[in-house]
Amino acid sequence: MLALGALGIWLGVHALRSYTAMSVWNLADELPLPLKSIPPLLIHAIGVLGLLARRTVGGSRPLVRFGSAFALATALRQLLGDFDRIAITAALLA
């Protein structure tokens, strides 16, 4: 269970770092200079709201609960998305 929770946290941190970098990079050409800080600010606000979620629905072991939920959601997104399902399933099983 500890490994599952650690994997979920690691995937969460990686996903947020990747999303923040990609959103800032992709919006750099589209947004004017005063608005370029809004996407990272929104991501940070969502992270702060995660503290409230931890207190309200976290239960006795919130890291394991949220880590497991995120790992499951990530695996289901990869298996059920509009991607090459055979290659992703083979990569998950390898």
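Guide: Before we look around, one term: a helix here is a DSSP run of H or I at least four residues long, and helices are numbered from the N terminus. Keep in mind that this is a predicted model.

Visitor: OK, so how many helices and strands does the protein chain have?
Guide: Reading along the sequence, you get the pattern α-α-α-α. Each α stands for a helix, and the count of strands is zero. So the tally for the protein chain, with helices as DSSP runs, is four helices and zero strands.

Visitor: Where does Leu7 sit, and is Leu7 buried or exposed, or something in between?
Guide: Leu7 belongs to helix 1. Its relative accessibility is 40%. Buried would need under 20% and exposed over 50%, so Leu7 counts as partly exposed.

Visitor: How far is Leu7 from Ala71, C-alpha to C-alpha?
Guide: Along the chain, these two are 64 residues apart. In space, the gap between the C-alpha atoms of Leu7 and Ala71 is 7.0 Å.

Visitor: Which residues of helix 3 are buried?
Guide: Look for relative accessible areas under 20%, the cut-off for buried. In helix 3, the residues that meet it are Pro62, Val64, Gly67, Ser68, Ala71 and Thr74.

Visitor: What does Phe70 touch, leaving out residues up to four places away in sequence?
Guide: Phe70 is in helix 3, and with a relative accessible area of 31% it is partly exposed. One partner is Gly8, 62 residues away in sequence but 5.6 Å away in space, C-alpha to C-alpha. The full set of residues that Phe70 touches is Gly8, Leu11, Gly12 and Ala15.

Visitor: And Phe66, which residues is Phe66 in contact with, beyond its neighbours within four places in sequence?
Guide: Phe66 is in helix 3 too, which covers residues 62-80. At 34% relative accessible area, Phe66 lands between the 20% and 50% cut-offs, so Phe66 is partly exposed. Ala53 is 13 residues from Phe66 along the chain, with 9.7 Å between their C-alpha atoms. Ala53 is still among the contacts of Phe66, which are Ala53, Arg54, Val57 and Gly58.

Visitor: How far apart are the end C-alpha atoms of helix 2?
Guide: Helix 2 covers residues 38-57, which makes 20 residues. The expected span is 1.5 Å times one less than the number of residues, so helix 2 should span 28 Å. The model agrees, with its end C-alpha atoms apart by 28 Å.

Visitor: Which residue just after helix 2 takes a positive phi?
Guide: Step just past the end of helix 2 and check the backbone angle. The phi there is about 75°, and the residue is Gly59.

Visitor: How far does helix 3 reach from its first C-alpha to its last?
Guide: With 19 residues at 1.5 Å a residue, you'd expect 27 Å. The model comes close to that, at 26 Å.

Visitor: Which element gives the largest share of the lining of the largest pocket?
Guide: The largest pocket has a volume of about 520 Å³. Of its 15 lining residues, the closest to the centre are Ile9, Gly12, Leu16, Gly50 and Phe66. Helix 1 (2-27), helix 2 and helix 3 each give two or more residues to the lining. The largest share, six residues, comes from helix 2.

Visitor: How do the residues of that lining divide?
Guide: Sort the lining of the largest pocket by residue type, with Gly counted as polar. You end up with nine nonpolar, five polar and one charged.

Visitor: What percentage of the protein chain is buried?
Guide: The protein chain has 94 residues. Counting those under the 20% cut-off, the buried share is 16%.

Key: Residues are numbered from 1 along each chain as its sequence is written. This is a predicted model: local features need pLDDT of at least 70, side-chain atom pairs count only at pLDDT 80 or more; totals for chains, interfaces and linings use all residues. Side-chain values use heavy atoms; hydrogens and water are left out. Buried means under 20% relative accessible area, exposed over 50%, partly exposed in between (1.4 Å probe, protein chains only). Contact means heavy atoms within 4.5 Å. On a 1 Å grid over the protein atoms alone, a cavity is a set of points where a 1.4 Å probe fits but cannot get out, and a pocket is an open set with protein on both sides within 12 Å along at least five of seven lines; lining residues have an atom within 4 Å of a point. Grid points are joined across faces, edges and corners, and a volume is the space filled by probe spheres set on the points.
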